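Please open the model in your viewer and keep the sequence panel beside it. The tour proceeds from the whole chain to single residues.

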Amino acid sequence: MCGIAGYSGRFGLDLLARMSSAIAHRGPDGEGSYKSPDGSVGLAHRRLAIIDLSTAGAQPMTDAPTGVTITYNGEIYNYRELRAELEAAGAVFVGRSDTEVILRLYLAHGRAMLSMLNGIFALGIWDPRDRSLLVARDGVGVKPLYYAQTPLGFLFASEIKALLACKEVDRCIDARAVWLYLTYLWCPTPYTMLRAVRKLEPGTAMLI
């Protein structure tokens, strides 16, 4: 199922490792991390290898010329068709993963590439060219993505426990979320039991 986590802000050097450890159970086949040169952005990935079992599919995945880096959880059903279109336009691939297809698609089309994806996903893409962090979730909301804004910056992850690796995330209970759970027996998006943590709504992208 894979797990992703990341941040943008002024966090401690060990935060990314602690976030990754909190979701280690989501990816038994590998782990990886990326930090920007100034340390203001961090991305982590726990891998469950399915499509490309080689190291060419490892994440976070970076395009060397631009520095654009992705961490991604999911499955893109039309990645073969997208790959063929990109190759016809001159893109060169290293491996066979759908992750690399998303990365190349972003390089070709920018954020507009989200509308081209047919699948289930949660992702974070760091683009050092304009210092933007894009986080997005599939239209049905199959893959989870939680986020929190703290005085030190923005955090996101596949599970809330990774966000709680950061002590600056407020632990106060959201009374409205409790009411919703008791009423409907589940907690609708964007609410969670913690006031400071929200679920990214299905089919939604955020630009940090």
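How many helices and strands are there in the chain? There are five helices and 11 strands, where helices (H or I, at least four residues) and strands (E, at least two) are DSSP runs numbered from the N terminus. The chain has a radius of gyration of 17 Å, close to the 17 Å that the globule rule gives for 208 residues, so it is as compact as a globular protein of that length. That radius is taken over C-alpha atoms, and the rule is 2.2 Å times the number of residues to the power 0.38.

This is a predicted model, in which local features need pLDDT of at least 70 and side-chain atom pairs count only at pLDDT 80 or more, while totals for chains, interfaces and linings use all residues. Residues are numbered from 1 along each chain as its sequence is written, and side-chain values use heavy atoms, with hydrogens and water left out.

**The whole chain**

Display the C-alpha trace first; along its principal axes it spans about 55 × 40 × 30 Å. Next, colour by accessibility: 52% of the 208 residues count as buried. Buried means under 20% relative accessible area, exposed over 50%, and partly exposed in between (1.4 Å probe, protein chains only). If contacts are drawn (heavy atoms within 4.5 Å), 55% of those between residues at least 6 apart in sequence join residues at least 24 apart.

**Helix α3**

Select residues 98-109, which form helix α3. Its 12 residues reach 16 Å from the first C-alpha to the last, close to the 16 Å expected at 1.5 Å a residue; the expected span is 1.5 Å times one less than the number of residues. Is α3 mostly covered or mostly uncovered? Nine of its 12 residues are buried, and the helix is mostly covered. Among the buried residues are Val101, Ile102 and Leu103, together with the charged-type residues Asp98, Glu100 and Arg104. To see what surrounds them, add β4 (61-62), β5 (69-76), α2 (79-88), β6 (119-127) and β7 (132-137), against which the buried residues of α3 pack. Directly after the helix, select Gly110, whose phi is positive, near 65 degrees.

**Backbone exceptions**

Most residues other than glycine have a negative phi, and most peptide bonds are trans. The next selections depart from these patterns.

Go to the loop between β3 (41-47) and β4, where Pro60 lies. The peptide bond from Gln59 to Pro60 is cis, with omega near -5 degrees. A second cis bond runs from Thr189 to Pro190, with omega near 10 degrees; Pro190 is placed in the loop between α5 (175-184) and β10 (197-199).

Now select Arg131, in the loop between β6 and β7. Arg131 is not a glycine, yet its phi is positive at about 55 degrees. Its relative accessible area is 46%, which makes Arg131 partly exposed.

**Leu185 and Leu180**

Return to the loop between α5 and β10 and select Leu185. This residue, although not a glycine, has a positive phi of about 65 degrees. Is Leu185 buried or exposed? Leu185 counts as exposed, at 65% relative accessibility.

Finally, select Leu180 in helix α5. Leu180 counts as buried, at 6% relative accessibility. Leaving aside residues up to four places away in sequence, Leu180 touches Leu185, Trp186, Pro188 and Tyr191. A distance drawn from Leu180 to Thr192, C-alpha to C-alpha, reads 9.8 Å, with their positions 12 residues apart in sequence.
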